[in-house]
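Q: Could you take me through one part of this model closely, starting from a single charged pair and working outward to whatever surrounds the pair? I'd enjoy a connected account rather than a list.

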Amino acid sequence: MIDIFDTTLRDGEQSAGVHLTVEDKVQIAKQLEKLGVNIIEAGFPYASPTDFQGVHQVAKEARGVTVCGLARAREKDILSAWEALRSAENPRIHTFIGTSEIHMRYKLKATPEQIIERAVNAVRLAKSKVSDVEFSAEDSSRSDPDFLAQVYAAVIQAGATVITVSDVVGYITPEEFAALVRKVKERTAGIEKVKISVHCHDDLGLAVANTLAGLTAGAEQLECTVNGVGDRAGNAALEELAMIMHTRRDVYPVETSIVTTELLKTSRLVSRLTGMPVQYHKAIVGRNAFAHEAGVHQDGILKEPLTYQIMTPADIGWEEEEQHLVLGRHSGRHAIRDYLAQEGVTVAEADFEAYFTRFKQITGAKQEITKEDMIALRQPEG
Ligand code: MN
């Protein structure tokens with residue numbers, strides 16, 4: 001079983017322009033519960049009183065899932081995360097520190113030895129509060145693999161239960177990321193005692209591909225967000241990962257507890273509460289994801305949906321009437337006949353060719369064709 005770690009409420013909430021209230025967070029968490037995610041990262045409690053409250057409230061109300069709070073590898077952060085998580089059924093503290101040369105030298109101004117010491121102290125403190133502790137090496141993708149293995153081995157000994165290999169800058173490619181996860185797996189002492197997690201960003205559009213590369217290389221926890229919301233270009237999109245594993249079980253023979261029929265509902269809720277629209281052609285949940293306008297495609301779909309559809313829209317939660325064949329300039333006779341029959345608009349067979357010609361004429365000028373248009377078209381002069 002692969003764990004789905006959703007960080008919509010933390011990494012997603014961190015996106016520019018997104019501010020979720022405590023109530024919003026609880027509402028989303030409840031939906032994530034229905035969706036079947038295993039871990040909800042509810043926020044970064046030390047960051048602000050609102051963040052603290054958000055994690056606190058989600059911890060109190062979410063059931064049947066692990067609730068996680070983020071903390072830098074500092075005592076204050078970890079104690080604050082623990083305070084916020086106290087009432088969680090299954091609390092997890094997630095602590096992190098930068099392990100790349102760039103992060104250590106410029107951001108943290110610390111030597112590699114000091115980084116290991118801070119990481120170990122942080123994990124030890126977290127472990128004294130909760131049994132489930134995740135440690136992330138921030139900027140893993142630009143870190144030295146041997147140093148990474150050293151850090152991970154040290155935190156595993158200190159009690160970490162999950163170690164995360166991350167690409168927080170969205171720079172790595174799938175081949176490189178798979179190789180990195182494999183190296184970590186081979187070189188880290190004690191790795192068999194913990195789960196490997198992967199956390200990828202989408203700056204080059206590779207977050208989902210990299211996450212799957214990590215899965216293939218041995219990761220057992222995937223970090224993602226609904227609609228791919230997150231810092232900058234966002235994170236790996238949960239709905240894409242879920243449907244890839246669902247549709248291509250032959251390539252990724254793994255199980256998750258995701259209830260795919262809740263995906264669309266979750267996407268819409270997150271879009272509404274974050275104020276972040278979903279692009280029309282977004283995979284799985286975009287408005288056009290199952291819309292067909294091209295005549296050739298419409299004809300094929302009407303004969304057999306498998307001709308141009310690799311997934312069943314209902315599996316994602318699409319209602320029948322939303323998987324529309326869009327009437328437009330590209331539509332053919334088959335789709336028009338089907339539409340007329342479905343909508344109960346009668347056009348005599350002898351008039352059909354003339355009707356179709358008029359249809360093609362108005363689609364040149366109109367963006368959207370409505371039922372009223374289709375009825376009006378029965379009269380030659382409309
Ligand atoms: Mn992130």
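A: Let's begin with Asp-3 and Lys-195, which form a salt bridge whose closest N and O atoms are 2.8 Å apart. Keep in mind, as you read the distances, that this is a predicted model. Asp-3 sits in strand β1 (residues 3-6) and Lys-195 in strand β7 (residues 195-200), so this one pair ties together parts that are 192 residues apart in sequence. The two partners differ in how much of them can be reached from outside. Asp-3 is buried, because its relative accessible area of 12% falls under the 20% cut-off. Lys-195, at 26% relative accessibility, counts as partly exposed.

Both strands belong to a larger arrangement. A barrel is closed by 8 strands in the order β1-β2-β3-β4-β5-β6-β7-β8, with parallel pairing. From one strand to the next, the twist averages 25°. As general background, strands of a sheet pair through backbone hydrogen bonds, either parallel or antiparallel. One pairing in the barrel can be followed in detail: strand β2 (residues 39-43) runs parallel to strand β3 (residues 66-72), and the two are joined over 4 bridges. Within this part, Glu-41 stands opposite Cys-68 in β3.

Glu-41 brings us back to charged groups, since Arg-10, Asp-11 and Glu-41 are linked in a network of salt bridges. Asp-11 has a further role to look at, as a donor to the metal. The manganese ion is coordinated by Asp-11 through OD, and by His-199 and His-201 through their NE2 atoms, at 2.0 to 2.3 Å. Along the chain, the donors follow the spacing D-x187-H-x1-H. His-199 and His-201 are both buried. If you plan to set up the site for a calculation, note that water is not among the atoms, so sites may look incomplete.

How does the opening pair sit among the other salt bridges? The structure holds 24 of them. Another one that reaches into the barrel joins the side chains of Lys-107 and Glu-138, at 2.7 Å from N to O. This pair links distant parts of the chain, with Lys-107 in helix α5 (residues 101-108) and Glu-138 in strand β5 (residues 132-138), 31 residues apart. Here too a buried acid meets a partly exposed lysine: Glu-138 has 16% relative accessibility and counts as buried, while Lys-107 has 47% and counts as partly exposed. A third example is the pair Glu-262 and Lys-265, whose side chains meet at 3.8 Å, N to O. Glu-262 is buried, with a relative accessible area of 17%, and Lys-265 is partly exposed at 46%.

Following β5 past Glu-138, we come to a backbone detail. Asp-139 lies in the loop between β5 and α7 (145-157). Phi of Asp-139 is near 65°, a positive value in a residue other than glycine. That is worth a look, because most residues other than glycine have a negative phi. Asp-139 counts as buried, at 0% relative accessibility. Asn-227 gives a second case, again with phi near 65° and again in a residue other than glycine. Asn-227 is placed in the loop between β8 (221-224) and α10 (238-247), and is buried with a relative accessible area of 14%.

Stepping back, the protein is divided into domain 1 (3-274) and domain 2 (295-376). Their C-alpha centres lie 44 Å apart, and the contact takes 9 residues from domain 1 and 8 residues from domain 2.

For a view from the other end of the chain, try Phe-352, which is found in helix α14 (residues 352-365). Phe-352 is buried, with a relative accessible area of 3%. Leaving aside neighbours within four places in sequence, Phe-352 is in contact with Arg-333, Ile-336, Arg-337, Leu-340 and Val-347. The C-alpha atoms of Phe-352 and Pro-49, 303 residues apart along the chain, are separated by 66 Å. The opening pair shows another side of sequence separation: Asp-3 and Lys-195 belong to parts 192 residues apart in sequence, yet their closest N and O atoms are 2.8 Å apart.

Notes: Residues numbered from 1 in each chain as written. Predicted model: local features only at pLDDT ≥ 70, side-chain atom pairs only at ≥ 80, totals over all residues. Heavy atoms only, no water. Buried < 20%, exposed > 50% of the residue type's maximum accessible area, 1.4 Å probe, protein only. Contact = heavy atoms within 4.5 Å. Pairing = 2+ DSSP bridges. Axes fitted to C-alpha atoms, helices over the stretch in contact; angles between N-to-C directions. Salt bridge = Lys/Arg side-chain N within 4 Å of Asp/Glu carboxyl O. Donors = N, O, S within 2.8 Å, 3.2 Å for Na, K, Ca; no water. Domains from an automatic or database assignment.
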